[in-house]
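Trainee: Could you walk me through reading the strands and the ligand site in a model like this one?

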Amino acid sequence: MINSLKTKIKNKDANIGIIGLGYVGLPLGVEFAKAGFTVTGFDNDTKKVSEISKGNSYILDVPSKDVKSLVSSKKLSATSDKSLLNKMDAIIICVPTPLRKTKEPDISFILSATEDINSNLRKGQLIILESTTYPGTTEEVILPKLGGNGLKVGKDIYIAFSPERVDPGNAKYKTKDIPKVVGGISETCTQLAALLYSQIIKEVIPVSSTRSAEMVKLLENTYRIVNIGLINELALLCDKMGVSVWEIIDAAKTKPFGFMPFYPGPGVGGHCISTDPHYLSWKARTYGFETKFIELAEETNSYMPHYVVDRITGGLNTRKKALKGSKVLIVGITYKKDINDMRESPALTITNSLIEKQAKVEYYDPLVPNFKIDGLELDSVALTKENIGSCDCVVIVTDHSSIDYKLIVDNAGLIVDTRNALRDFKEQKNIVRL
Ligand SMILES: NC(=O)c1ccc[n+]([C@@H]2O[C@H](COP(=O)([O-])OP(=O)(O)OC[C@H]3O[C@@H](n4cnc5c(N)ncnc54)[C@H](O)[C@@H]3O)[C@@H](O)[C@H]2O)c1
């Protein structure tokens, strides 16, 4: 059984199924298809299935021309028909892992994908979970379900976890350049998963268990959230001390060892950084353990959007204006630059707070033509001299590369820059920096 699967993988004859064709699943599926595998993407969202079937990409990092050529050469297809899972030799689960309102893990998407696999399971399949989740999920949730069919894991079927480290919008490190960590339920499971990924990824790092592989991802994102929390706290202090946090980071990062720069901002967002550490703190609580660093970082980071609103209010105040009734233009609405993902974006908290305080809010984002907030539909305005000039305050929340910052500096009465996007513009009266 194992040798036949190994041969199929090495010869690129293995059929690969990807469950969830989002920011993670689509680039991964495209990479396997480009390497010569036949890839079937499974998604409940029929719009995504139809776009892929027409050869269109909806993820900025994946060019439509790649999807089109892979679909027409029958290397890539998409479907919502889960019965086809039975035909797959390897299945990779890339479904969302959000938080409930109570900030507890919501693994319902993993459960439903596991049910779909279970209903179509056969001997010889390799199943890998890539969704970020708490340590223990693969062993405690997937293993009992798939291993409860009389099939022996490590002999009849193979199960592993491999954290996804893709960084949407990062032109330097794409899927194939980012080393892949894998941990299986057994040694054989690890070997098979490592063999599969080594077909498309330059470096594969095996670890001793699924639990360790799950923990690796949470260490990486906890490290980020804690350091972002620290630098946000120092940004608040630097403002009080009248020194520039940006200048200090630039100087500190010249130290060739022992320092890695993190930057302050309007708060954290996205499906990972703002979510994953809560998976760890939730699991830690089941061991009677409190993850104090995570809670503290969360407290500081979630204060940042409100701090930005305070800086807007302060800036208007020095111009003898009240926030109520002032026209505020938010520039950049996504959670980070050069992507179109708005999930958990701090810009949404800032917008909500400004609306609540009765400011007149407009936004400009070259990558998001419109969005809804609390039932209110907003369309991106054009970034023109007139629109900028008619606003009481322009707030740079997301520093997309394509934005004409000179146009903003030349025409705005007041700018609050939360990202140091205006670093090349020397001190000017109309700029308030974080
Ligand atoms: N976005 C990132 O930058 C990133 C990076 C690393 C890890 N991750 C992790 O990867 C996972 C996926 O994230 P994403 O950003 O790709 O999510 P996404 O929302 O962009 O995509 C998930 C897709 O799964 C589909 N789906 C949900 N349940 C399904 C089911 N039962 N069957 C078939 N399709 C189903 C959804 O329709 C959606 O298209 C999450 O656990 C996330 O934490 C994301």
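Mentor: Gladly! Let's start with pairing: two strands pair if DSSP finds at least two bridges between them, and strands (E, at least two residues) and helices (H or I, at least four) are DSSP runs numbered from the N terminus. This is a predicted model, where local features need pLDDT of at least 70, side-chain atom pairs count only at pLDDT 80 or more, and totals for chains, interfaces and linings use all residues. Residues are numbered from 1 along each chain as its sequence is written, and side-chain values use heavy atoms, with hydrogens and water left out.

Trainee: Which residue is the bridge partner of V328 in β10?

Mentor: V328 has V361 as its bridge partner there. Strand β9 (residues 327–331) runs parallel to β10, and five bridges join them. In general, strands of a sheet pair through backbone hydrogen bonds, either parallel or antiparallel.

Trainee: What is the strand order in the open sheet of five strands?

Mentor: Reading across, the order is β10-β9-β13-β14-β15, with parallel pairing. β10 (360–364) and β15 (431–433) each have a single partner strand, so one side of each is left without a neighbour in the sheet.

Trainee: And how is the open sheet of eight strands ordered?

Mentor: That sheet reads β3-β2-β1-β4-β5-β6-β7-β8, and its pairing is mixed. At its edges, β3 (76–79) and β8 (204–206) pair on one side only. Strand β7 (residues 180–184) pairs with β8 in the parallel sense over three bridges; within that pairing, V181 has I205 of β8 as its bridge partner.

Trainee: Now the ligand: which residues come nearest?

Mentor: A residue is near a molecule if one of its heavy atoms lies within 4 Å of it. Of the 28 residues around the ligand, V24, D43, K48, T97 and S112 come nearest. Helix α5 (residues 108–119) gives the largest share of the shell, three residues.

Trainee: Why does the ligand lie between domain 1 and domain 2?

Mentor: Domain bounds come from an automatic or database domain assignment. Domain 1 (2–214) and domain 2 (242–433) both give residues to the shell, so the ligand lies between them.

Trainee: Where should I look for polar contacts?

Mentor: For the ligand, look for pairs of N or O atoms within 3.5 Å. A backbone N or O atom of V24 lies 2.9 Å from a ligand oxygen atom, and a backbone N or O atom of T132 lies 3.0 Å from an oxygen atom of the ligand. In the side chain of K82, an N or O atom is 3.2 Å from a nitrogen atom of the ligand.

Note on methods. A polar contact is a pair of N or O atoms within 3.5 Å; within protein, one must be able to donate a hydrogen and the other to accept it, and residues adjacent in sequence count only if both atoms are side-chain atoms.
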